[in-house]
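Welcome, and thank you for opening the viewer. Please load the model, pick a cartoon view with side chains ready to switch on, and follow along stop by stop.

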Amino acid sequence: MYLDLAPFLLLITIVANTLIVVVLSKRHMRTPTNAVLMVMALSDMFTLLFPAPWLLYMYTFSNHYKPLTPVRACYAWAFMNDVVPTLFHTASIWLTLALAVQR
């Protein structure tokens, strides 16, 4: 069930965060608070965007039973699904803290 919903949720998240970035990047909307919110939306979007092609390839297209070749693809898989989303998610958490301190 999750594999069927994941592309739909990914699309909704990317569209929503893109709209947030577009609105908050307008000249009359530029404030320190909105800047933090805009970067937070970008960080949340990148948390999903970087592993998305790999997850779609592996699970939505039913390639999870095939081994990844060459070995560099395995390293790329681990980096794009473990390291990069963790970095962006951690950045989003710190931005939430920055917003709380700013308020």
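**First stop: a patch on the surface**

Select Leu5, Phe8, Leu9 and Ile12 and show them as a surface: they make a nonpolar patch of about 370 Å². Patches are built from residues with over 30% relative accessible area and no salt bridge, where like charges are joined within 9 Å and nonpolar side chains (Val, Leu, Ile, Met, Phe, Trp, Tyr) within 5 Å. A salt bridge, in turn, is a side-chain nitrogen of Lys or Arg within 4 Å of a carboxyl oxygen of Asp or Glu. Accessible areas are computed by the Shrake-Rupley method with a 1.4 Å probe, and for residues only the protein chains shown count as cover.

Before moving on, please note that this is a predicted model, in which local features need pLDDT of at least 70 and side-chain atom pairs count only at pLDDT 80 or more, while totals for chains, interfaces and linings use all residues. Residues are numbered from 1 along each chain as its sequence is written, and side-chain values use heavy atoms, with hydrogens and water left out.

**Second stop: the whole protein**

Zoom out and colour by secondary structure. The protein has 4 helices and 0 strands, and its pattern along the sequence reads α-α-α-α. Helices (H or I, at least four residues) and strands (E, at least two) are DSSP runs, numbered from the N terminus.

Turn the model around: its C-alpha atoms fill a box of roughly 50 × 25 × 25 Å along the principal axes. The radius of gyration is 16 Å, whereas a compact globule of 103 residues would have one near 13 Å. That radius is taken over C-alpha atoms, and the globule rule is 2.2 Å times the number of residues to the power 0.38.

Now switch on the surface. About 7,300 Å² is exposed, and carbon and sulfur atoms supply 74% of that area. Of the 103 residues, 24% count as buried. Buried means under 20% relative accessible area, exposed means over 50%, and partly exposed lies in between (1.4 Å probe, protein chains only).

**Third stop: along helix H1**

Select residues 2-24, which form helix H1, and find Ala16 there. Leu5 from the patch is in helix H1 too. Leu5 counts as partly exposed because its relative accessibility is 38%, and Ala16 is put in the partly exposed class by its 34%. Try a distance label: Ala16 and Leu5 are 11 residues apart in sequence and 16 Å apart in space, C-alpha to C-alpha.

Ile20 is another residue of helix H1, partly exposed at 36% relative accessible area. A label from Ile20 to Ala52, 32 residues away in sequence, should read 20 Å between C-alpha atoms.

**Fourth stop: Thr47 in helix H2**

Next, select residues 32-49: this is helix H2, and Thr47 is in it. Is Thr47 buried or exposed? With a relative accessible area of 15%, Thr47 is buried. Beyond its neighbours within four places in sequence, Thr47 is in contact (heavy atoms within 4.5 Å) with Pro85, Phe88 and His89. Look closely at His89, whose backbone nitrogen lies 3.5 Å from a polar atom of the Thr47 side chain.

**Fifth stop: three residues of helix H4**

Select residues 71-102 to light up helix H4, then pick out Ser92. Ser92 counts as buried because its relative accessibility is 8%. Leaving out residues up to four places away in sequence, Ser92 touches Met40, Ser43 and Asp44.

Leu99 also has its place in helix H4 and is buried at 17% relative accessibility. Which residues does Leu99 contact, setting aside its neighbours within four places in sequence? Show Thr33, Val36, Leu37 and Met40 to see them. Leu99 and Thr33 are 66 residues apart along the chain, with 6.9 Å between their C-alpha atoms.

Finish with Met80 in helix H4, which is buried with a relative accessible area of 18%. Not counting residues up to four places away in sequence, Met80 touches Phe50, Pro51, Trp54 and Pro85. Keep Pro85 selected for a moment, since Thr47 is also in contact with Pro85.

**Last look**

Zoom out once more. Among contacts between residues at least 6 apart in sequence, 67% join residues at least 24 apart.

Technical notes
A polar contact is a pair of N or O atoms within 3.5 Å; within protein, one must be able to donate a hydrogen and the other to accept it, and residues adjacent in sequence count only if both atoms are side-chain atoms.
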